[in-house]
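Visitor: I am new to this structure and would like a close look at a single part of it. Could you pick one helix and take me through its surroundings with care?

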Amino acid sequence: MPLHDRIIPYLETAGLYHLARLNSQWFWVDESLLSAFIERWRPETHTFHMPFGECTITLQDVAYQLGLPIDDAPVSGCLTEFENLMEHGRPAWVWFRELFGELPPQSKIKQMTVCYTWFHERFRVLPTDATDETVRVYARAYILMLLSSQLFADKNANRVHLRWLPYLASLDDLGRYSWGSAALAWLYRCLCRDTHRNVVNLAGPLQLLQSWIFWRFPTIRPTGFDRFGFPLASSETLTVSIQFVWEPYSSVDVAAVIHPEILADEHRRLWTAVTSLIYFAAIEWHQVDRVLPQFGGVQHLPQPALNIVLQG
């Protein structure tokens with residue numbers, strides 16, 4: 001969906017503007033490449049097991065690659081008895097009508113989901129004479145599509161779930177959520193599922209995974225990635241010809257384009273935190289103590305893999 005100038009302030013408030021800028025930059029996902037890496041993914045440690053050791057996607061990668069906030073409130077909620085969680089107990093579709101001005105036709109609705117095509121057709125072009133309230137409606141639709149298609153895509157790839165209604169109801173509060181840690185939790189969960197032999201289709205923020213591969217393994221990067229900008233998922237330029245780059249963000253070229261808020265102390269402290277990542281019912285460990293060389297450290301003997309069930 002085109003990004004209109006009047007919608008941008010809402011994306012900036014939500015901490016999603018950098019992600020939205022990638023819409024014109026996303027590259028095609030190479031499923032064969034991703035499948036090769038998934039074969040080396042270990043669900044119990046959330047790391048790729050390589051001949052040279054372990055490596056993984058961390059909160060640092062999410063911040064650099066997508067420019068997303070990685071702290072603040074978790075993206076969570078219970079989807080059981082979903083309608084009871086709505087404001088004042090209102091039915092979900094009543095709230096939907098209030099937020100988007102109308103209901104989709106029944107042919108576009110299936111249980112608690114709406115077909116992507118309805119949002120795309122209905123909110124693709126913002127009217128030139130749109131009122132401020134109309135702009136807010138279109139901003140909600142844009143953010144909903146952005147979250148559903150870029151960060152939290154699932155196997156039901158052509159539908160949008162109503163789980164986002166409580167978040168979209170207050171656009172001014174969207175910036176207090178940790179979209180980056182939620183995206184990483186969902187990527188971890190999808191990678192763990194994808195290791196099962198009966199799984200056919202990949203899901204999750206796959207562009208994040210593929211961009212991480214291109215930055216960490218430059219020798220397998222395709223030709224044509226010669227631009228450089230922020231977020232880093234929009235461009236790849238490092239030309240180091242080694243097997244694995246432990247610290248690809250340490251170059252002066254990266255420092256020259258990175259946004260200052262990414263390097264704030266409160267964010268940087270989380271990069272090396274062994275903590276839980278939350279996305280609704282998905283709770284996954286951020287086990288960076290197993291990949292200390294990615295932060296310039298010396299790898300010690302790893303502790304036993306954390307078990308979220310035993311820890312609870």
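Guide: What follows is a walk around one helix, its neighbours and the sheet beside them. Please keep in mind that this is a predicted model, and that the protein chain as a whole has 13 helices and 8 strands. Of the 312 residues in the protein chain, 50% are buried, while its accessible surface comes to about 14900 Å², with 51% of that surface belonging to carbon and sulfur atoms. Among the contacts with a separation of 6 or more, 67% are between residues that lie 24 or more positions apart.

The part to look at is helix H5, which covers residues 92–100 and has as its buried residues Ala92, Trp93, Trp95, Phe96, Leu99 and Phe100. If you turn the model until you are looking down the axis of H5, these buried residues fall within an arc of 155 degrees, so they line one face of the helix. The background to such a pattern is that an α-helix has 3.6 residues a turn, so residues three or four places apart point the same way.

What, then, do the buried residues of H5 pack against? Their partners include two strands, E4 (109–110) and E5 (113–115), and they also include three helices, namely H6 (116–123), H7 (132–151) and H8 (165–168). Just after H5 comes glycine 101, and the phi of this glycine is positive, near 85 degrees.

The two strands touched by H5 lead us on to the sheet, which is an open one of 3 strands in the order E4-E5-E6, with antiparallel pairing. Its edge strands are E4 and E6 (159–161), each of which pairs on one side only. Between E5 and E6 the antiparallel pairing runs over 3 bridges, and as an example you can find valine 114, whose bridge partner in E6 is valine 160. Helix H6 packs on this sheet, where it touches both E5 and E6, and the direction of H6 makes about 60 degrees with that of E5.

Putting the pieces together, H6 is a neighbour of the buried residues of H5 and also a helix that packs on the sheet, while strand E5 is likewise packed against by those residues of H5 and is paired with E6.

Key:
Residues are numbered from 1 along each chain as its sequence is written. This is a predicted model: local features need pLDDT of at least 70, side-chain atom pairs count only at pLDDT 80 or more; totals for chains, interfaces and linings use all residues. Side-chain values use heavy atoms; hydrogens and water are left out. Helices (H or I, at least four residues) and strands (E, at least two) are DSSP runs, numbered from the N terminus. Buried means under 20% relative accessible area, exposed over 50%, partly exposed in between (1.4 Å probe, protein chains only). Contact means heavy atoms within 4.5 Å. Accessible areas come from the Shrake-Rupley method with a 1.4 Å probe; for residues, only the protein chains shown count as cover. The arc is that of the directions from the helix axis to the C-beta atoms. Two strands pair if DSSP finds at least two bridges between them. Axes are lines fitted to C-alpha atoms, for helices over the stretch in contact, and angles run from 0 to 180 degrees between N-to-C directions.
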